[in-house]
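The following exercises concern the geometry and packing of one protein chain. Please consult the sequence and the coordinates while working through each solution.

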Amino acid sequence: MMLVPSLMTLTLFVSLQKLIQRPSATNLIGCHRILESTPLFASSTFGQLVSVDLEFSGMNEPSCPCCSFGGKSLFLPWGDTNDVDVERVRITDETTLSSAAVDVLSPSEAWQAIISARADASQQQLPIALVDTHGHPHLERSVEYAIQEKGREMYAYNDQTNIVVSITCAVSPVDWNDALDYSCRSQHILPALGIHPWYLSDILMKDIVESNIEESTTDEPANIEQYLNWDWLNELEAKLSQHPNLIVGEIGLCKMARFVREFPKALGGKATALQLQKIVFKKQMELAAQWRRPVTVHCVNAHGLLMETLEEIFNEARESCSKEEQVHSTSNNLLQNDGLKTTLRKAFPPAIAMHSFTGTAHHVQQILDFERSILYPELVETERKKQRGKKKQQKRQNAEENEVKGDTDILFYFGFSHSVNYIMCTSDKAKRKGIEAVQAIPSDRLLVESDVHATEDVILGTAGATSYAAHARGESLQDVAETSTINGLRFISSLSS
């Protein structure tokens, strides 16, 4: 389903009621709330504009700055549209980049076009211009995008009318505190902590590995988890407990990682290394599910292993239901019973962002089909029984109607970056498959990312990603900017689940 029609320009409308200043305590680390109340008007599936107040229920007053990001209420693009004055909030100004993009604008051109269109809009705008759902600016490595731009300081979070909200993702326990410290710089930064599949060497028990190499046989060791130091798991959980708005990431699976390529052959080589990646990934997914935190996932050349891991989590959750519950869940009253669905949903994080997604359109569909098995388990049960006739058809129809009527539970999002999805995809085949994948993403799942390693590059990296996504989808730059901003805020708001 397409959230924003390609030939229609729909603009966000926001009333910024109150900005919340962070507490004065300087010894607390983390990020800060953007808004206490942000009414957001945006397009629905059918081109209508909606406004819903999503209360952050059950959240106590935060004890530190990072815990206050997002505020007490956040308005997001879903809900009943009956009481909305559509004409009051729709913008049809032709100057707001309503024509479909025909080429990939450079990051600086894209950013200038985005803010120019926002300035030309005929009514009040959401101060948030873009949401960067994945980057590593806390690493403060060499500047890439902004190095040749005049006045690099203009790309450093200082424009309060065109805010870029960003998530800075740690990659190892080594930089977890750096990411938390960095998020103190602006009330528009959220931290994410996790172990990237490239950096399992940082938790490797080298003495045990060396000892096992010396004593190795051709048999696979009975317990490969002994190769890793697991203190990080308790540390990560402690930080999640301390910071209610802390995201989990960057985590994932990667067959291209040096850790995989160089893992000792005497201990199983690549096969063992990938299994260790899978174990670490799964434990972080489980921790995120337990603490109800969204995750940002790296997956390169490991789609099969990703699906295998997700299926394991699914099956374990399903089997955790008692036999009585399972029988009840597959009875004739299946559609009225939410027990299995609730169990399955809680087994996964509230939202999963596939970062700089390099899979194919087929992989996109596989992931969405898997999501459907979680959100609509009754359909899977029905299909597994291979039931025929009107009864099966009616159940499918009922579920589809529920989706259309506003079942807004979204699990998987797909992010794209200029640095990975555009610059690094150089062959014609890679470009074609990349564009096909972007086109296969439902509009309400599309995210844009900077995936940069310096503060000055966040804005241009995110604008470049927006330009690439607009080009790939054949949509206007402004439409993609608005859609991805809505989706990014929705992804962040899953912290309140």
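Four exercises follow, each with a worked solution.

The model is predicted, so local features need pLDDT of at least 70 and side-chain atom pairs count only at pLDDT 80 or more, while totals for chains, interfaces and linings use all residues. Residues are numbered from 1 along each chain as its sequence is written, and side-chain values use heavy atoms, with hydrogens and water left out.

**Exercise 1. Strand pairing**

Determine which strands pair with strand 10, and in which sense.

Solution. Begin with the element itself: strand 10 spans residues 295-300 (helices, H or I, of at least four residues and strands, E, of at least two are DSSP runs, numbered from the N terminus). Of its 6 residues, 5 are buried, where buried means under 20% relative accessible area, exposed over 50% and partly exposed in between, for a 1.4 Å probe and protein chains only.

Next, consider the partners; two strands pair if DSSP finds at least two bridges between them. Strand 9 (residues 247-254) is joined to strand 10 by 5 bridges in the parallel sense, and Cys-254 has Val-300 as its bridge partner. Strand 11 (residues 352-354) also runs parallel to strand 10, through 3 bridges; here Val-297 is matched with Met-354.

**Exercise 2. Helix packing**

Establish the relative orientation of helix 8 and helix 11 and the character of their contact.

Solution. First, take the axes, which are lines fitted to C-alpha atoms over the stretch in contact, with angles from 0 to 180 degrees between N-to-C directions. Those of helix 8 (residues 303-320) and helix 11 (residues 361-375) come within 12 Å and cross at roughly 0°. The two helices are therefore roughly parallel, since angles under 35 degrees count as such, over 145 as roughly antiparallel, 65 to 115 as roughly perpendicular and the rest as oblique.

Then list the contacts, meaning heavy atoms within 4.5 Å. On helix 8, the participants include Leu-306, Met-307, Leu-310 and Phe-314; on helix 11, they include Ile-367, Phe-370 and Ile-374. The residues of this contact divide into 7 nonpolar, 4 polar and 1 charged (Ala, Val, Leu, Ile, Met, Phe, Trp, Tyr, Cys and Pro count as nonpolar, Asp, Glu, Lys and Arg as charged, and the others, Gly among them, as polar).

**Exercise 3. The nonpolar core**

Identify the residues with the most contacts inside the largest nonpolar core, and the helix that gives the most to it.

Solution. A nonpolar core is a set of buried Ala, Val, Leu, Ile, Met, Phe, Trp, Tyr and Cys residues joined through side-chain atoms within 4.5 Å. The largest has 95 residues, and Trp-111, Met-285, Phe-348, Met-354, Phe-412 and Phe-414 have the most contacts inside it. Helix 7 gives the most, with 9 residues. Examining Met-354 without its neighbours within four places in sequence, one finds contacts with Val-297, Leu-306, Phe-412 and Phe-414, among others.

**Exercise 4. Backbone exceptions**

Locate the cis peptide bond and the positive phi values at Glu-140 and Asn-301.

Solution. As a reference, most residues other than glycine have a negative phi, and most peptide bonds are trans. The cis bond joins Gly-249 and Glu-250, with omega about 5°; Glu-250 belongs to strand 9.

Glu-140 has phi near 50°, sits in the loop between strand 6 and strand 7, and is partly exposed at 33% relative accessible area. Asn-301 has phi near 55°, occupies the loop between strand 10 and helix 8, and is exposed at 52%.
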